[in-house]
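Student: Please take a close look at one part of this model, the enclosed space inside it. Go through what borders that space, piece by piece.

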Amino acid sequence: MQMESGHLEIAGRRVVITGAGRGLGRVLATAFDAAGAHLGLVARSEVALQEVATSLRGDSLVLAGDVRDETFNDSVAERMVERFGGVDVWICNAGVSPRVVPVLETGADMWREVIDVNLTGAFLGARAAAAVMGAGGRVIVTGSVVGERPRSGLAAYASSKSGAHALVQTLAQELGPRAITVNAVALGWFDTGMGAHWHRDADREGEIVEHTALGRWGRPEDLPGIYLFLASRASDYVTGATLTVDGGYSLM
């Protein structure tokens, strides 16, 4: 059976990207813009978002705020409806960088910050998206291999990402009858965004390479493809899945 080329098209899709001011979010914004999507760019810093927006060729909406805020997430959905007529794809990508801290040194404030941004922010964003999405909608959550294979010293981060993967499975069941798919992308170690400071640490950088089947860190160009696939009609029958993009790190 031959797939129609239109199944892979992104042009005209109305896409929200949280954490769009830097790192992976900025890489995704550039890729979806090049594919012809209408973008809602979300991050805390309006300055960073404006910088991204001016680098894009297509239509984008800058929405500065905190993904931990329920009202803000709802307002993002409302603004997308006002500007573009709706939301087709919501990428829950905003996150707090992993910090190696032993459990006995992990304070409640640090724990809450990581859980609130990485997990609660994804929940609130997905819920806001579901409220305005129609059939064919897509929710994509940025997860992590650490959520599947936790590391010592990353209790809060690993818990937040494991929780996000479980959230995806629950949402997929609830939203499936409305033909809305929900998936996670479990990322490995990339030399951009959150992983950049780890990449600059020679000891950790070498350790990760040794435990990655492809023998290298991920690059920015390795990132967008899986998101573009999950945002397109080519993934109509994929939901509740966590797709791993880690160069084989989780195999070693």
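**Lining of the cavities**

Tutor: In the second largest cavity, α4 provides the largest share of the lining, four residues. The model is a predicted one. With α4 at 108-132, these four are V117, G121, A122 and G125. β4, which spans 89-92, also supplies at least two residues to this lining, and the residues in that range are W90 and C92. The rest of the lining consists of T18, V67, N73, N93 and A94. By class, six of the lining residues are nonpolar and five are polar, with no charged residue. The space in this cavity is about 50 Å³.

This cavity is one of two in the structure that reach 30 Å³ or more. The other is the largest cavity, with a volume of about 80 Å³. α4 takes part here as well: α4 and α6 each supply at least two residues of the lining of the largest cavity. Here, however, α6 gives the most, with three residues. As α6 covers 155-175, the three are A155, A156 and Y157. From α4, at 108-132, come M110 and V114. S97, P98, R99, V101, T106, G153 and L154 complete the lining of the largest cavity. Its residues divide into eight nonpolar, three polar and one charged; the charged one is R99.

To put the two side by side, α4 contributes to the linings of both the largest cavity and the second largest. The lining of the largest cavity includes one charged residue, whereas that of the second largest has none.

Conventions
Residues are numbered from 1 along each chain as its sequence is written. This is a predicted model: local features need pLDDT of at least 70, side-chain atom pairs count only at pLDDT 80 or more; totals for chains, interfaces and linings use all residues. Side-chain values use heavy atoms; hydrogens and water are left out. On a 1 Å grid over the protein atoms alone, a cavity is a set of points where a 1.4 Å probe fits but cannot get out, and a pocket is an open set with protein on both sides within 12 Å along at least five of seven lines; lining residues have an atom within 4 Å of a point. Grid points are joined across faces, edges and corners, and a volume is the space filled by probe spheres set on the points.
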